[in-house]
Amino acid sequence: MAARLTANAIAAVNGGDLDLKPVVQVLDLKRIAEPQERYRAVVSDGSAAQKALLAVKFNEAAKSGAVRSGSVVQLLEYVCSTVKNQRIIVILEMKIIIRDCETIGNRKLHPEFASETLDLSSSSNFGNSRVQSLVPAAKLVSSSAMNSGNKVQNFNVQSVYRPPSNYKSYGSIMKNEAPARVIPIAALNPYQGRWAIKARVTAKGDIRRYNNAKGDGKVFSFDLLDSDGGEIRATCFNTVVDRFYEAVEVGKIYLISKGSLKPAQKNFNHLNNQWEIFLESTTTLECCPDEDSSIPTQHFNFRQIIDIENAENNSIIDIIGIVESINPSMTILRKNGMETQRRILNLKDVSGRSVELTLWGDFCNREGRQLQEKLGSGLFPALAVKAGKVSDFSGKSVGTISSTQLFIDPDLPETYILREWFDGGGKDASSHSISKDMMPGLALNDSRKTVSQIKDEGLGRGNKPDWVTVKATISFIKTDNFCYTACPLLIGDRPCNKKVTKLASGNWCCDRCSKEFEECDYRYLLQAQVQDHTGVTWVTAFQESGEEIIGCSAKELYQLKHQEHDDKKFGDIIRRCLFEQYLFRLKIKEEHYGEEQRVKITVVKTDTVNPSMESKYLLDLIGKLCT
């Protein structure tokens, strides 16, 4: 198949012609080491050649050999930038026309010329028509080494390239004189000299102040989304904060150009982009007055709740579910002595799983109050969480962070799917919670054991704990020390919960946090005896499990006994828990107490027995025994 290259394409691209869509040949292709793997190429129009850089999305094509040395390609989208005094064509989009082809034009081109633009024409082959490159550092290489008897392949050398009319009568073309071209966010890279993006602000952070070796400073960031679904974070420091903070509004569309692209700091940036824009004094940020419906208001990458079980701790995810319940907001004292609000709600989805979502700070009184009002009126709203943080403390849960966004009953396809499922029977369907130290990978009836099997099978004596489900009845609860006084301060986004002591001043003190405070928390430490038809054993239930068994908080029960001295009501609450049958999810692990070894059985979840589900489990068990 004959290949026709676009004559003088290299000169045209250097001159600023971005609409040419030239056909060129790849003369050399090499992998280069960068923060992210990329491929460098040398492309030729048959008379001149120049170094090029392929977009990351072409890595697989380069690895598989779909594009290689000799390939003929058409450049559909590209920019030409100056990097370290060298002109480089950044190929954003291309079409592979011929996978493998003999060299067109100069057959002796060597990769050593890859860093410079080359003129490969010679008077012996092409008469007197010599094309000069527009790059100042260009090296002219004679193609006289090319055998005059060789057959020239099917391409024509046209007249010398003339710059577009936009630049006529303006003299020589200088660096950055052409207007910046709007490109997709996904195509941004540090090698571009000029760029512009058109994007919607989807999130805006507060101004944060910091102090380091260079002195005091301030910073704020905002997230951008374009019509192709590309996302990137823009960050401003100090005087740039003063310039842009009030100008940036969530939901509006802006045309942004000029700024530095640097590797994203993944500790603070959850967006799916390896780069981050740092706005500068020369940056232009222009609000687009006309709404562009091609740019969505938000971009989600939803994961089902069941997938959170295998999500890494501290990972950032998007989820959507139906709000089943929500707890009242409560005040938490941070380690720095500042107070904040916390509110916990429960989400469920079509995967048959539910998860705890912890709201912090303003989320409690803003979205949290709206959700509570909807639930109070008998509605079960859908809630979409953008950028929630996964925690594996006491099971898997999700919490809000400063960049989290909450959307109540959003107008999304996923919302309608959830609503149809919930109204069609999902509301009454039981769901398995992945929070509160749930057994990894185990469903409700997996690894069902009897009380006697815990000892007979030596559970908990291995290197790792055993997780089992036991159906048993509570026969006794110790009431002398059923809770302990705990530290309410936050370490990260979780309470310290260490035991505290009371000082002579009446304040409480935490040795771990080295802080004093007027009020402490009360957390359950229940010691209970459970039994089934095979035997009896002791178990320990901590805070969440204790609340599930007792039905009220540890603080309420403590006040009832030690402050109100209402022994009758206290006794009624305890007796109400006895001789009730539960499904206990247990963590069994051998622990060392001095020189003594004991198997500790901890209740991590307590469920009342659902007759329908239990009957189904027993029938399935009978069916397995009969086969």
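## Helix H12 and what covers it

The cover over the buried residues of helix H12 (residues 567-577) includes strand E25 (466-477), helix H10 (543-550), helix H11 (554-562) and strand E35 (581-593). This is a predicted model, so keep that in mind while you look around. The residues tucked under that cover are Phe570, Gly571, Ile573, Ile574 and Cys577. Look down the axis of H12 and these buried residues fall within an arc of 160 degrees, so they line one face of the helix.

Flip to the other side of H12 and you meet Lys568, Arg575 and Arg576, which are exposed. Just past the end of H12, phenylalanine 579 has a positive phi of about 60 degrees.

## The chain as a whole

Now zoom out. The protein chain has 627 residues, and 47% of them count as buried. Its secondary structure comes to 13 helices and 36 strands. Take the contacts with a separation of 6 or more: 62% of them are between residues 24 or more positions apart.

## Helix H7

Back to a single helix, this time H7 (367-376). Its buried residues are Glu367, Gly368, Leu371 and Leu375. Viewed down the axis of H7, they fall within an arc of 100 degrees, so they line one face of the helix. The face turned away from that buried side carries Glu373 and Gly376, both exposed.

What do the buried residues of H7 pack against? The partners are strand E16 (316-326), strand E18 (339-348), strand E19 (353-360), helix H6 (362-365), E20 and strand E22 (405-408). After H7 comes glycine 378, with a positive phi near 90 degrees. There is also a charge over a ring to look at: arginine 366 has its charged end over the ring of phenylalanine 363, 5.2 Å from the ring centre.

## Aromatic pairs

How many aromatic pairs does a search of the whole structure find? The count is 12. One of them is phenylalanine 237 with phenylalanine 278: the ring centres are 6.0 Å apart and the planes are at 0 degrees, so this pair is stacked. The pair links distant parts of the chain, 41 residues apart, with phenylalanine 237 in strand E11 (residues 231-237) and phenylalanine 278 in strand E14 (residues 275-278). Phenylalanine 237 is partly exposed at 33% relative accessibility, whereas phenylalanine 278 is buried at 13%.

Another pair is phenylalanine 380 with phenylalanine 422, whose ring centres are 5.4 Å apart and whose planes are at 50 degrees, so they count as tilted. Phenylalanine 380 lies in the loop between H7 and strand E20 (382-391), and phenylalanine 422 lies in helix H8 (residues 413-426), so the pair ties together parts that are 42 residues apart in sequence. Phenylalanine 380 is partly exposed, with a relative accessibility of 25%, while phenylalanine 422 is buried, at 4%.

## Around Phe278

Phe278 has other company too. Together with Tyr210 and Phe237, Phe278 forms one aromatic cluster. Lysine 262 lies over the face of phenylalanine 278, 5.0 Å from the ring centre.

If you follow the chain back from E14, the loop between strand E13 (260-263) and E14 holds glutamine 265. Glutamine 265 is partly exposed, with 45% relative accessible area. Its C-alpha atom is 8.1 Å from that of glutamate 276, although the two residues are 11 apart along the chain.

## The cavity and Glu231

A search of the whole structure finds 1 cavity of 30 Å³ or more. The largest cavity holds about 40 Å³ of space. Which residues line the largest cavity? The lining is made by Thr202, Ala203, Asp223, Glu231, His270, Leu271, Gln298, Lys386, Ser403 and Gln405.

Take a closer look at Glu231 from that lining. Glutamate 231 is found in strand E11, and its relative accessibility of 9% makes it buried, the cut-off being under 20%. Setting aside neighbours within four places in sequence, glutamate 231 is in contact with Ile185, Leu224, Leu225, Leu271, Asn272, Asn273, Gln298, His299 and Lys386. The cavity lining also includes Leu271, Gln298 and Lys386.

How values were computed. Residues numbered from 1 in each chain as written. Predicted model: local features only at pLDDT ≥ 70, side-chain atom pairs only at ≥ 80, totals over all residues. Heavy atoms only, no water. Phe/Tyr/Trp six-rings, centres within 6.5 Å; stacked < 30°, edge-to-face > 60°. Helix = DSSP H or I, 4+ residues; strand = E, 2+ residues; numbered from the N terminus. Buried < 20%, exposed > 50% of the residue type's maximum accessible area, 1.4 Å probe, protein only. Lys NZ or Arg CZ within 6 Å of the ring centre and 35° of its normal. Arc of directions from axis to C-beta. Contact = heavy atoms within 4.5 Å. 1 Å grid on protein atoms, 1.4 Å probe; cavity = no way out; pocket = protein on both sides within 12 Å on 5 of 7 lines; lining within 4 Å. Points joined across faces, edges and corners; volume = space filled by probe spheres on them.
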